[in-house]
Amino acid sequence: MSTGRAASRMGPAELMQAAAMARRFYLEGKSKIQIADEFGVSRFKVARVLETALEHDLVRIEIRVPAELDAERSDALRAKYGLRHAVVAESPSASADPAESAETPADPENLGEVAADLLGELVTEGDVLGLAWGRSTIHMATALRGLPPCTVVQLTGVYDAGTADRGSVEAVRRAAEVAGGEAHPIYAPMLLPDSATAAALRHQTGIAAAFEYFDKVTVAAVSIGSWEPGISTVHDMLGTRERAHYASLGVAAEMSAHLFDAEGRRIGRDLGERCITVEAGRLRRVPEVVAIAGGRRKAAAIGAVLRSGLVTSLVTDTAAAEQLLADRRPVRRPALDRADPDES
């Protein structure tokens, strides 16, 4: 509390009464009724005095969050896209020259740490937590420090590419270890040569057991990729001709081996028949789906997936948030009712 210059216009008795009431209300947590009883006035009088205290700068209210989180952009994203939760973390390269943004890596590791904290809030005892492949989900699993007892299931096959080898399997095992629950990993590639091979693998005992948990998943964590090298798992697994084919269909984003155009409509569905992954329909029925993705290079892809209605919450960074908020296209806020743009 402070007595600013505007407060000097109040008489000393009025000033002292307002300060006392403000102290009771803001610092001591007393109700307006309790304050009214103490001072012998009506609760409406207390409300007017508290309002006057704010107008005259007698009381200053600050909303403070950790410096690495952006509360204003978080709330703006949540409102614009109809999300349950939106958490925007400061981009590590926020002060860098925008011309160099294309060279900065997508999905900074700090997003995994923020997502780990968010999962710690969202997951409750007895939940089934689903983890899809992605560098951000792997970072998140590494950063987990505590989870209520829950079962953890892998939602996609693995992407074998150097440092990513077995990353999703280890992420599932790590999360289950932290939670003290069962782990159901999937020991199979994400992308197979043809649909027949993929169908045969889905019927193998261990993989089939994991798939049986898909309808029980209550909280899921997924990653988002844009259609370019190093930023999309599926893009990097396909040959040149196939990449060009899906690009010609207008692919703007990839999530868990599902492809989307800029409006969030699913395209290239034949690809899903060759993949070991949770079906889009099942993912839409999961009560809480948290997407973890950031960076300017992924902003358009994130926007496309948000329009799909498949995710309910987002962990991103200021670089992506700025572009998402600058996008003036109308948004139906699909995450509120999990609306499918294909059926609109």
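## A buried helix, two sheets and a pocket

In helix α6 (residues 135-143), the buried residues are Ser136, Thr137, Ile138, Met140, Ala141 and Ala143. This comes from a predicted model. The buried residues of α6 pack against two helices and three strands by name: α5, β2, α7 (167-179), β5 (219-223) and β9 (288-292). A general point about helices helps here. An α-helix has 3.6 residues a turn, so residues three or four places apart point the same way.

**Overall make-up.** The protein holds 15 helices and ten strands. It has 344 residues, and 49% of them count as buried. Take the contacts between residues at least 6 apart in sequence. Of these, 69% join residues at least 24 apart.

**Strands β2 and β3.** Strand β2 (residues 128-131) is one of the elements that α6 packs against. How do β2 and β3 run, parallel or antiparallel? They run parallel, joined by four bridges. One bridge pairs Val128 with Thr151 in β3. Strand β3 (residues 151-154) is covered on both faces. Thr151 and Val153 are buried on one side. Val152 and Gln154 are buried on the other. The general pattern behind this is simple. In a regular strand the side chains alternate between the two faces of the sheet.

**The β6-β7-β8 sheet.** Three strands form an open sheet in the order β6-β7-β8, with antiparallel pairing. Its edge strands are β6 (253-255) and β8 (266-267), and each pairs on one side only. Helix α14 (residues 299-308) packs on the sheet and touches β6 and β7. The direction of α14 makes about 60 degrees with that of β6. Three bridges join β6 to strand β7 (residues 258-260), and these two run antiparallel. Within that pairing, Ala253 has Phe260 of β7 as its bridge partner.

The loop between β6 and β7 contains Ala257. Ala257 has a positive phi of about 70 degrees, although it is not a glycine. Is Ala257 buried or exposed? It is buried, because its relative accessibility is 2% and the cut-off is under 20%.

**A second positive phi.** Asp57 also has a positive phi, near 65 degrees, and is a residue other than glycine. Asp57 sits in the loop between α3 (43-55) and α4 (71-81). Its relative accessible area is 24%, so Asp57 counts as partly exposed. That class lies between the cut-offs of 20% and 50%.

**Two buried helix residues.** Ile207 belongs to helix α9 (residues 205-212). Ile207 is buried, at 3% relative accessibility. Which residues does Ile207 touch, not counting those up to four places away in sequence? They are Ile186, Tyr187, Ala188, Leu201 and Arg202. Ile186 lies 21 residues from Ile207 along the chain, yet their C-alpha atoms are separated by 5.6 Å.

Ala319 is in helix α15 (residues 318-326). Ala319 is buried as well, with a relative accessible area of 7%. Beyond residues up to four places away in sequence, Ala319 touches Ser91, Gly295 and Arg296. Ala319 and Ala299 are 20 residues apart in sequence and 8.0 Å apart in space, C-alpha to C-alpha.

The four residues discussed singly are listed here with their accessibility.

| Residue | Relative accessible area | Class |
|---|---|---|
| Ala257 | 2% | buried |
| Ile207 | 3% | buried |
| Ala319 | 7% | buried |
| Asp57 | 24% | partly exposed |

**The largest pocket.** About 280 Å³ of space lies in the largest pocket. Its lining comes from 15 residues. Leu69, Val87, Val114, Asp117 and Leu118 lie nearest the pocket centre. By class, the lining has six nonpolar, two polar and seven charged residues. Which element gives the most to the lining? Helix α5 does, with six residues. Both β1 (85-89) and α5 (109-122) supply at least two lining residues each. Helix α5 also belongs to the set of elements against which the buried residues of α6 pack. Thus α5 has a part in both the pocket lining and the packing around α6.

Terms used. Residues numbered from 1 in each chain as written. Predicted model: local features only at pLDDT ≥ 70, side-chain atom pairs only at ≥ 80, totals over all residues. Heavy atoms only, no water. 1 Å grid on protein atoms, 1.4 Å probe; cavity = no way out; pocket = protein on both sides within 12 Å on 5 of 7 lines; lining within 4 Å. Points joined across faces, edges and corners; volume = space filled by probe spheres on them. Nonpolar A, V, L, I, M, F, W, Y, C, P; charged D, E, K, R; others polar. Buried < 20%, exposed > 50% of the residue type's maximum accessible area, 1.4 Å probe, protein only. Contact = heavy atoms within 4.5 Å. Pairing = 2+ DSSP bridges. Axes fitted to C-alpha atoms, helices over the stretch in contact; angles between N-to-C directions.
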